[in-house]
Amino acid sequence: MPPPGESRMPRPFTTEDYRTRLDRATAAATAAGLAGLVVAPGPDLVHLTGYRPTAVTERLTALVLTAGREPVLIVPALERPDAERAEGAPAVRLLDWTDGQDPYAAAVPLLDPAGRYGVSDNTWAMHLLGLQSALPGTGWTSLTETLPMLRAVKGPDELERLAAAGGAADAAYRGILEVEFAGRRETDVAADLSALLIKYGHSQVDFTVVGSGPNGANPHHEAGERIIAAGDTVVLDFGGLKDGYGSDTTRTVHVGTDVPDEVRKVHEVVRQAQQTAFEAVRPGVTCQEIDRIARRVITEAGYGEYFIHRTGHGIGITTHEPPYLVEGEQQPLVPGMCFSIEPGVYLPGRFGVRIEDIVTVTEQGGRRFNNTPHELGIVS
């Protein structure tokens with residue numbers, strides 16, 4: 001058995017896995033009325049091909065997907081060997097161009113001069129403008145605008161990775177409860193959290209929020225030089241990537257056993273909001289309804305104005321991605337979706353409380369990928 005928080009290496013994604021993703025993306029583009037997709041380096045390209053360029057530069061790299069044609073990955077000639085090593089490379093045709101050539105000329109034959117294309121959100125403006133100049137009759141729209149659910153529904157192997165990342169984050173939380181808080185800087189505890197995430201298998205740490213005392217009332221407080229003191233309430237929000245997939249969890253702790261009544265009260269309100277929202281997760285419920293349910297609990301307790309962010313965000317190969325659990329998002333939940341449920345209350349100048357789990361949708365309801373206790377943690 002592996003130590004707590006660790007797991008066996010996941011099965012590598014296969015060429016067939018990537019071919020299935022490419023086919024689904026192309027079909028989704030057609031269903032959305034698009035002529036195809038143009039995908040630049042970033043999370044969408046990693047998802048569709050497994051290719052992550054070692055450096056994203058001014059040289060054009062783009063995956064072109066159109067119905068009825070094989071997928072084509074345009075790459076600079078000097079980077080072709082790297083692209084050929086990507087797990088999904090056999091599922092695409094590689095087309096290279098050489099410095100001194102017009103890279104957009106390579107794309108022209110692959111695109112409908114009057115078509116409307118979805119383009120990945122992190123495409124450089126110079127590349128999109130270059131394509132528009134070469135094909136002035138084309139139209140372009142962002143993938144978040146037209147295909148926000150492109151990566152939202154995870155397959156079994158992706159769910160396995162997300163569960164392992166959640167377990168590793170849980171192990172890091174259990175470890176941080178043994179660390180001394182009082183008399184140390186927030187940055188010291190943040191460094192401990194980062195080391196624990198790496199210890200339990202993360203290859204990348206994205207954030208370690210340590211918000212002590214009044215700093216906890218800032219949901220995205222960056223750990224600073226404040227000295228944590230006995231009597232402080234501390235919000236711990238941390239995560240990163242393990243085996244290419246994200247973790248993100250939040251727990252709130254108190255330094256010492258003498259916990260003020262209002263801290264206990266607010267923490268219980270947030271706990272109830274998080275639990276009630278989790279219990280509402282099931283296929284067909286809209287994203288905004290989960291937000292409304294969590295918000296209703298906090299509002300009825302008198303703290304509604306202090307819940308100042310959405311209830312959750314999707315997670316996958318990035319720690320923030322669609323779907324978003326927020327008012328106005330009418331996307332129904334679908335089995336395989338993964339997202340955070342993280343209500344909070346933030347009392348300016350005093351303290352904050354947040355509880356966050358990553359949850360996936362199953363046919364029966366919700367399944368947590370974080371399973372550490374929701375009770376207020378006590379640290380020394």
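A residue counts as buried when its relative accessible area is under 20%. T252 has a relative accessible area of 1%, so T252 is buried. This is a predicted model, and T252 is a good place to enter it.

T252 sits in strand β10. Its contacts reach into several stretches of the chain. Leaving out residues up to four places away in sequence, T252 touches T233, V234 and V235. T252 also touches H267. Further along the sequence, G352, V353 and R354 touch T252, as do E375, L376 and G377. Take T233 from that list. T233 and T252 are 19 residues apart in sequence, yet their C-alpha atoms are 7.1 Å apart in space.

Next comes the nonpolar interior. In soluble globular proteins, nonpolar side chains tend to be buried together. The largest nonpolar core here has 23 residues. Six of them touch the most other members: I176, F181, V210, V234, L236 and F238. Four elements give two or more residues to this core: helices α7 (156–176) and α8 (186–199), and strands β8 (233–242) and β10 (249–255). Helix α7 gives the most, with six residues.

F238 shows how one core residue is surrounded. Neighbours within four places in sequence are set aside here. F238 is in contact with A169, A172 and Y173. L193 and L197 also contact F238, and so do F207 and T208. S247, D248 and T249 complete its list of contacts. A second, separate core has 22 residues, including L22, A25, Y51 and V92.

A record adds a label to part of the chain. UniProt, in an unreviewed entry, places the feature "domain: Peptidase M24" at residues 161–363. In the model, this span is 31% helix and 26% strand. The C-alpha atoms at its two ends lie 19 Å apart.

Now turn to charge. Side chains of opposite charge can pair when their charged atoms come close. The whole structure holds 26 salt bridges. One of them joins D44 and R151, with N and O 2.5 Å apart. This pair links distant parts of the chain, 107 residues apart. D44 is in helix α2, and R151 is in the loop between α6 (143–146) and α7. Both D44 and R151 are buried.

R151 has another partner. E321 forms a salt bridge with R151, and the closest N and O atoms are 2.8 Å apart. E321 lies in strand β12 (residues 321–325), 170 residues from R151. E321 is buried too, like R151. Salt bridges that share partners join D44, R151, K154 and E321 into one network.

Another salt bridge pairs D357 with R368, with the closest N and O atoms 2.7 Å apart. D357 is in strand β16 (residues 357–361), and R368 is in strand β17 (residues 366–368). The two residues are 11 apart in sequence. Both D357 and R368 are buried.

The last stop is the surface. V56, W124 and M126 form a nonpolar patch there. Together they have about 280 Å² of accessible area. V56 lies in the loop between α2 (43–49) and β2 (62–66). Its relative accessible area is 47%, so V56 is partly exposed.

Conventions
Residues are numbered from 1 along each chain as its sequence is written. This is a predicted model: local features need pLDDT of at least 70, side-chain atom pairs count only at pLDDT 80 or more; totals for chains, interfaces and linings use all residues. Side-chain values use heavy atoms; hydrogens and water are left out. A nonpolar core is a set of buried Ala, Val, Leu, Ile, Met, Phe, Trp, Tyr and Cys residues joined through side-chain atoms within 4.5 Å. Buried means under 20% relative accessible area, exposed over 50%, partly exposed in between (1.4 Å probe, protein chains only). Contact means heavy atoms within 4.5 Å. UniProt positions are given in the numbering used here, feature names are shortened, and annotations may be inferred rather than shown by experiment. Patches are made of residues with over 30% relative accessible area and no salt bridge: like charges are joined within 9 Å, nonpolar side chains (Val, Leu, Ile, Met, Phe, Trp, Tyr) within 5 Å. Accessible areas come from the Shrake-Rupley method with a 1.4 Å probe; for residues, only the protein chains shown count as cover. A salt bridge is a side-chain nitrogen of Lys or Arg within 4 Å of a carboxyl oxygen of Asp or Glu.
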